[in-house]
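Reader: Could you walk me through one part of this model up close? I'd like a look at the stretch after the last strand you pick out, and then whatever you can tell me about the side chains elsewhere.

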Amino acid sequence: MPEFYGLFCSEPLDAHGVSAPTPIIRYRDLLYEAASWNTPRPVVAKPEWHAADLFLRVGFILTNLRHAAGGIVRFHNGRGTAER
């Protein structure tokens, strides 16, 4: 078990009444500039660690918004829900 397993804040029960740890999710602001661009653009990386997974799940959002990483992720997640 990873050494950061104790960082889980709560362990809710799943549908079978088994304790399912809350995933660890972090956000990171980065700048990225492709060769064809003349200015770097903000990128948000969202690594997630789930207890049942062997590897991290990492998502990236390339944006032109100038907000905190968590706010950009919430905004884009909300757009995905609205477009269903």
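Author: Let's start with Thr63, keeping in mind that this is a predicted model. Thr63 sits in the loop that runs between β4 and α1, the latter covering 69-82. Its relative accessibility is 8%, so Thr63 counts as buried, the cut-off being under 20%. The side chain of Thr63 has a partner too: one of its polar atoms lies 3.0 Å from the backbone nitrogen of Leu65.

Now step back into the strand. β4 takes in residues 57-62, and Val58 is found there. Unlike buried Thr63, Val58 comes out as partly exposed, because its relative accessibility is 45%. Val58 also helps make a nonpolar patch on the surface, together with Leu30, Leu56 and Phe60. That patch comes to about 390 Å².

On to the aromatics. With any pair of aromatic rings, you describe it by how far apart the centres are and by the angle between the planes. Searching the whole structure turns up one such pair. It is Tyr32 with Trp37: the ring centres are 5.7 Å apart and the planes stand at 90°, so this is an edge-to-face pair. Tyr32 has 46% relative accessibility and therefore counts as partly exposed. Trp37 has another neighbour to look at, since the charged end of Arg41 sits over the Trp37 ring, 4.3 Å from the ring centre. So Trp37 pairs edge-to-face with Tyr32, and its ring also has the charged end of Arg41 over it.

Terms used
Residues numbered from 1 in each chain as written. Predicted model: local features only at pLDDT ≥ 70, side-chain atom pairs only at ≥ 80, totals over all residues. Heavy atoms only, no water. Phe/Tyr/Trp six-rings, centres within 6.5 Å; stacked < 30°, edge-to-face > 60°. Buried < 20%, exposed > 50% of the residue type's maximum accessible area, 1.4 Å probe, protein only. Lys NZ or Arg CZ within 6 Å of the ring centre and 35° of its normal. Patch = residues over 30% accessible without salt bridge, like charges linked within 9 Å, V, L, I, M, F, W, Y side chains within 5 Å. Areas by Shrake-Rupley, 256 points an atom, 1.4 Å probe, with all protein chains shown as cover. Salt bridge = Lys/Arg side-chain N within 4 Å of Asp/Glu carboxyl O. Helix = DSSP H or I, 4+ residues; strand = E, 2+ residues; numbered from the N terminus. Polar contact = N/O pair within 3.5 Å; in protein donor to acceptor, adjacent residues only side chain to side chain.
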